[in-house]
Amino acid sequence: DDLWEFDDQVLRKYHRWLTYSLAPTRKCMGPYGTDGCRSMFYGGTASTLLLTAERYQDGTIQWLYDTITATPDVWILGYPMVETLGVLNGASSPTPVDPGTVFPLGTVMRENEHVYMRTGWGENDIAYTTRCGLAGNHSQREHGNLILYADGHNYLQAYNAYDDGDPMGANAAKNYVLIDGKGQALPPSMTDRMGEVTAFLHAGSADYQNCDNSYAYNVRPSDPTSQPVDYSTHQVVFVRPDASEGGYFVVLDRIKATGSATHDYDFLLHGGCDHQTGSGAGDCHDPVSIASDGAGAFAVQASSSTQSLAVRFVDPAPASVQYTLSPMPVASFPDYLSVSGPSASLTGEFFAVLFPEDPTTIPARLAPAVARLDPGTNQVGALLTLAAATDTVLWSKDGSATSYGGIVSDARLVVTRDDGAVSFAALFEGQTLTIAGVEYLAATAVTSAVWQRTSTGVEVTVGNEVAAT
């Protein structure tokens, strides 16, 4: 899209989106994307200024600022220009500024319906994104698709290279649920709705999103590679790290194919590349690897590093997790993981904790203890206990009232932190939360809410509506 004639407001809007999409580890191996990186946005306010962004296949961005009549080019990596662009104000060159001083760490953008959750914009920060909205000019099967970066590595990404002539490969190249090997449909047009962010909450301690991506499975019933559904949601809670704990993602995907027949449901995860070059699928440099790390546990291991992303399933129950590791169609890319639910099931439910591990992090990040409470019994159907955990995550499988370890709530998801005293408590899809007999949250309608203790008192964030930035 040529932005040369657009006004400052439009440029700032695109700049904000590009800034959120930036991942410092996605390095183009040559200037101007001559080796296959795709340049999509241009803009400036004078004939001597050019503002360019290189957009990669998983949606990440690098900025290039160029004075056309001078050399060398200046790459802005890791610290892209702030919203009040220097070029828009007539400056001779942009000033690198930490975007975290300008933008919130979590947001959903209504213009393109992308969700972003981050700890910052530095090379070792944690960042998650998904898309859940209109098909747009990037008409891919990618709504509710999980992309995750941490500690300088592209741990989970998706690939767009296989739509042409191989639509089944296109579904197999994403991070979401397949039904009998079928997934989302190829949208008929750019204006088709493929998903909707029905809830988003941003608080200092945690972010929450609910993506209804059922549209993407239903948009084109004639597509033989897709399976219509009664419902499909992709929910994510990101608990940011503090001095004692955090830095993990709680991921819950729930899906049901249309009708009363049973199906096989599979949850896919694709490892990423720290560098990717070439056209189409391109070439993968420094890929991560995915390996089993015990019952229901997997390690996404960065190349030549002690850093990794731990993936631990609570549903399917750890002891019963069935999985396969399959090669990608391009030899240089890492194998992808497929976790299977119980065969011949009416519904598919996948609940996992994703946890970046870095032995050098000080203070060390600690993962939570997680319990799945089964329908009608309030009994623990699956339990993930990790050493030194002060956080507890509860999932009510049927969304009914739960009671566990002194925690009582009617919410589907609950996260609490007790490091000597309750410092953080959150509910998602519920109204009430009581801990050890003390009521922390109470609402008059089903919502999402975060209670957190701060240095100046207590802060409560409540919201079930999408708040655009």
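In this predicted model, Ala 344 sits in the loop that runs between strand S22 (336–340) and strand S23 (347–357). Its backbone is unusual in one respect: phi is positive, about 50°, although Ala 344 is not a glycine. Ala 344 has 48% relative accessibility and therefore counts as partly exposed, below the 50% cut-off for exposed residues. A second alanine carries a positive phi. Ala 436, also a residue other than glycine, has phi near 50°. Ala 436 is placed in the loop between S30 and strand S31 (438–454). Here the relative accessible area is 66%, so Ala 436 is exposed.

A cis peptide bond joins Asp 315 to Pro 316, with omega near 0°. Pro 316 belongs to the loop between strand S20 (308–315) and strand S21 (322–326). Asp 315 also takes part in a network of charged side chains, described below.

The salt bridge count comes to 9. One of these bridges pairs Asp 207 with Arg 240, at 2.5 Å from N to O. Asp 207 is in strand S12 (residues 206–212), while Arg 240 is in the loop between strand S13 (229–239) and strand S14 (248–257). The two residues are 33 residues apart, and the pair links distant parts of the chain. Both Asp 207 and Arg 240 are buried.

Another salt bridge joins the side chains of Lys 397 and Glu 349, at 2.6 Å from N to O. This pair, too, links distant parts of the chain, 48 residues apart. Lys 397 lies in the loop between S26 and strand S27 (402–404), and Glu 349 lies in strand S23. With a relative accessible area of 13%, Glu 349 falls under the 20% cut-off and is therefore buried.

Arg 412 and Glu 429 form a further salt bridge, with an N to O distance of 3.8 Å. Arg 412 is in the loop between strand S28 (407–409) and S29, and Glu 429 is in strand S30, so the bridge ties together parts 17 residues apart in sequence. The partners differ in exposure class. Arg 412 has 11% relative accessibility and so counts as buried. Glu 429 has 28% and so counts as partly exposed. Beyond single pairs, salt bridges with shared partners join Arg 254, Asp 315, Glu 349 and Lys 397 into one network. The network thus includes Asp 315, the residue that precedes the cis bond to Pro 316.

The second largest pocket holds about 170 Å³ of space. Its lining comprises 17 residues. Thr 392, Gly 405, Ile 407, Thr 416 and Asp 418 lie nearest the pocket centre. Four strands each give two or more residues to the lining: S24 (369–373), S26 (391–396), S29 (413–418) and S30 (422–435). By class, 10 of the lining residues are nonpolar, 5 are polar and 2 are charged. Strand S30 therefore contributes both to this lining and, through Glu 429, to the salt bridge with Arg 412.

On the surface, Val 458, Val 460 and Val 462 make a nonpolar patch of about 250 Å². Val 460 is part of strand S32 (residues 457–462). Its relative accessibility is 44%, so Val 460 counts as partly exposed.

Notes: Residues are numbered from 1 along each chain as its sequence is written. This is a predicted model: local features need pLDDT of at least 70, side-chain atom pairs count only at pLDDT 80 or more; totals for chains, interfaces and linings use all residues. Side-chain values use heavy atoms; hydrogens and water are left out. On a 1 Å grid over the protein atoms alone, a cavity is a set of points where a 1.4 Å probe fits but cannot get out, and a pocket is an open set with protein on both sides within 12 Å along at least five of seven lines; lining residues have an atom within 4 Å of a point. Grid points are joined across faces, edges and corners, and a volume is the space filled by probe spheres set on the points. Ala, Val, Leu, Ile, Met, Phe, Trp, Tyr, Cys and Pro count as nonpolar, Asp, Glu, Lys and Arg as charged, and the others, Gly among them, as polar. Buried means under 20% relative accessible area, exposed over 50%, partly exposed in between (1.4 Å probe, protein chains only). Patches are made of residues with over 30% relative accessible area and no salt bridge: like charges are joined within 9 Å, nonpolar side chains (Val, Leu, Ile, Met, Phe, Trp, Tyr) within 5 Å. Accessible areas come from the Shrake-Rupley method with a 1.4 Å probe; for residues, only the protein chains shown count as cover. A salt bridge is a side-chain nitrogen of Lys or Arg within 4 Å of a carboxyl oxygen of Asp or Glu.
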